Amino acid sequence: MAPSSSPAGFVKSPMSETKLTGDAFELYCDVVGNPVPEIQWWYADINRADSFKQLWDGARKRRVSINTAYGTNFVSVLAISRLTLEDAGIYECRASNDPRRNDLRQNPAITWIRTQATISVLQKPRINASDQEILQPKSGQELPITLQCNLTNSHSTHQETFWMKNGQEIPNTRKVHKHTEFKLSKPRTDDSGEYMCVYTFKSAPNANASIEVKAAPEILGHKRSENKKEGENATLYCKSVGYPHPMWMWRKKVGRGSYIDIDNSTGRFFIINKDNFTELSIIGLDISTDPGEYVCNASNIIGAKESVTILRVRSHLAPLWPFLGVLAEIIILVVIIVVYEKRKRPDEVPDDDEPVAPIKTNSTNNHKDKNVRQRNTN
């Protein structure tokens, strides 16, 4: 039985927002209905709210993207990047599954439902930030580094300033001054990353400036060795610090100073790279080809580092080796005993000239001698 038809309706409407120049925004339009509704996006300038123009994917020099997903509900996402002051306006989501919706003789106000959001765009405040820094750890010259930001111009009242590293707020850095500093007293490789000074305002979105602290990768964690049985799966990994996040490469040593690159093309090797982490999985270990030295290499524009993991693959019979060793020892011991007994037995056979039984003595004479000795003592 076919499901009954239902007119299009909004489940989630786009929300109005205030943005800064250079930022981006996304508007969501969540629709239900049967048959599947058609969804469109339209735009009008705030000063001309009665004059809408349809938006297309790739408009405004490819700064506009429109993506629609069809599932239980039908969701369309309008995204615009690198905002300018001209992007401010009224954005309208229209939806309809009325079969007459594209008939020019029909009134669109009847065949289409619509919902709107207003996007305001403010000029981004001017923030003067210090230049990028490049760390040289273990050089014996770990000099302090001071990151600085200064707010020179804004359209709204400044409230607070704080620092972030790699998207996380750094504790105890909130201040009310427009000029702010963050000091790295003894910079190490794990101090590298993207630092950001963030300014909050009374009636405007937060503004920020980024300062990159770069360093060559340093591998802090990896498997030194891995012991597996043939047919099993093995997983090797490496973890690093350093910024920018490194490019990862895995290689296997095949000879003296000779290596081959490993990738995901064979169906047995699978590599997963995530920022400062890489993982190599080997499926169905082969005892003849897979054992050996595996090298993970991390490299960025500052430098490179690599570490070695030794993979050992044992035979299926490996668990039986202790038992077989004990069994071999028992067999050898039995053989030694048998040989020893065979060599000893001929020496124990008596000669033919020797009497077989002990010589019998004359017990009567013994008694007589005894009696004579007794009489003499009296």
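**Exercise 1. Salt bridges**

Task: Find how many salt bridges the model holds, and describe where Arg63 and Arg251 find their partners.

Solution. Counting every side-chain nitrogen of Lys or Arg within 4 Å of a carboxyl oxygen of Asp or Glu as a salt bridge, the count comes to 15 salt bridges. The model is a predicted one, in which local features need pLDDT of at least 70 and side-chain atom pairs count only at pLDDT 80 or more, while totals for chains, interfaces and linings use all residues. Residues are numbered from 1 along each chain as its sequence is written, and side-chain values use heavy atoms, with hydrogens and water left out.

Step 1. Begin with Arg63, which forms a salt bridge with Asp87, the closest N and O atoms being 2.8 Å apart. This pair links distant parts of the chain, since Arg63 sits in the loop between helix H1 (59–62) and E6, and Asp87 in the loop between E7 and E8, 24 residues apart. Here helices (H or I, at least four residues) and strands (E, at least two) are DSSP runs, numbered from the N terminus.

Step 2. Ask next whether the two residues are buried or exposed, where buried means under 20% relative accessible area, exposed over 50%, and partly exposed in between (1.4 Å probe, protein chains only). Arg63 has 14% relative accessibility and therefore counts as buried, and Asp87, at 2%, counts as buried too.

Step 3. Turn to Arg251, whose salt bridge with Glu306 has its closest N and O atoms 2.9 Å apart. Because Arg251 lies in strand E20 (residues 247–255) and Glu306 in strand E25 (residues 304–314), the pair ties together parts that are 55 residues apart in sequence. Glu306 is partly exposed, with a relative accessible area of 37%.

Step 4. Finally, look for shared partners: salt bridges of this kind join Arg60, Arg63 and Asp87 into one network.

**Exercise 2. Disulfides**

Task: Identify the disulfides, and state which parts of the chain each of them links.

Solution. Step 1. With a disulfide taken as a pair of cysteine sulfur atoms within 2.5 Å, the structure holds three. When the bonded cysteines are numbered in sequence order, the pairing is 1-2, 3-4, 5-6.

Step 2. Cys29 and Cys93 have their sulfur atoms 1.9 Å apart, and the torsion about their S-S bond is about -85°, so this disulfide is left-handed. Cys29 belongs to strand E3 (residues 25–34) and Cys93 to strand E8 (residues 89–96), 64 residues apart.

Step 3. For Cys149 and Cys197 the sulfur atoms are 2.0 Å apart, and a torsion of about -80° about the S-S bond makes this disulfide left-handed. The pair links strand E12 (residues 145–153), which holds Cys149, to strand E16 (residues 193–201), which holds Cys197, 48 residues apart.

Step 4. Cys238 is joined to Cys296 with an S to S distance of 1.9 Å, and the torsion is about -90°, so this disulfide is again left-handed. Cys238 lies in strand E19 (residues 234–243) and Cys296 in strand E24 (residues 292–299), so that parts 58 residues apart in sequence are tied together.

Step 5. Check the surroundings: Cys29 is buried, with a relative accessible area of 0%, as is Cys93, and both Cys149 and Cys197 are buried.

**Exercise 3. A sheet and a core**

Task: Give the strand order of the open sheet of five strands, and say which element gives the most to the largest nonpolar core.

Solution. Step 1. The order is E2-E9-E8-E4-E5, with mixed pairing. Strand E2 (17–20) and strand E5 (53–54) stand at the edges, each with a single partner strand, so one side of each is left without a neighbour in the sheet.

Step 2. Two strands count as paired if DSSP finds at least two bridges between them, and strand E4 (residues 38–44) and E5 pair in the antiparallel sense over two bridges. Trp42 has Gln54 in E5 as its bridge partner.

Step 3. A nonpolar core is a set of buried Ala, Val, Leu, Ile, Met, Phe, Trp, Tyr and Cys residues joined through side-chain atoms within 4.5 Å. The largest has 22 residues, of which Phe25, Leu27, Trp41, Leu55, Leu78, Ile80 and Tyr91 touch the most other members. Among the elements that give two or more residues to this core are E3, E4, E8 and strand E9 (113–122), and E3 gives the most, with four residues.
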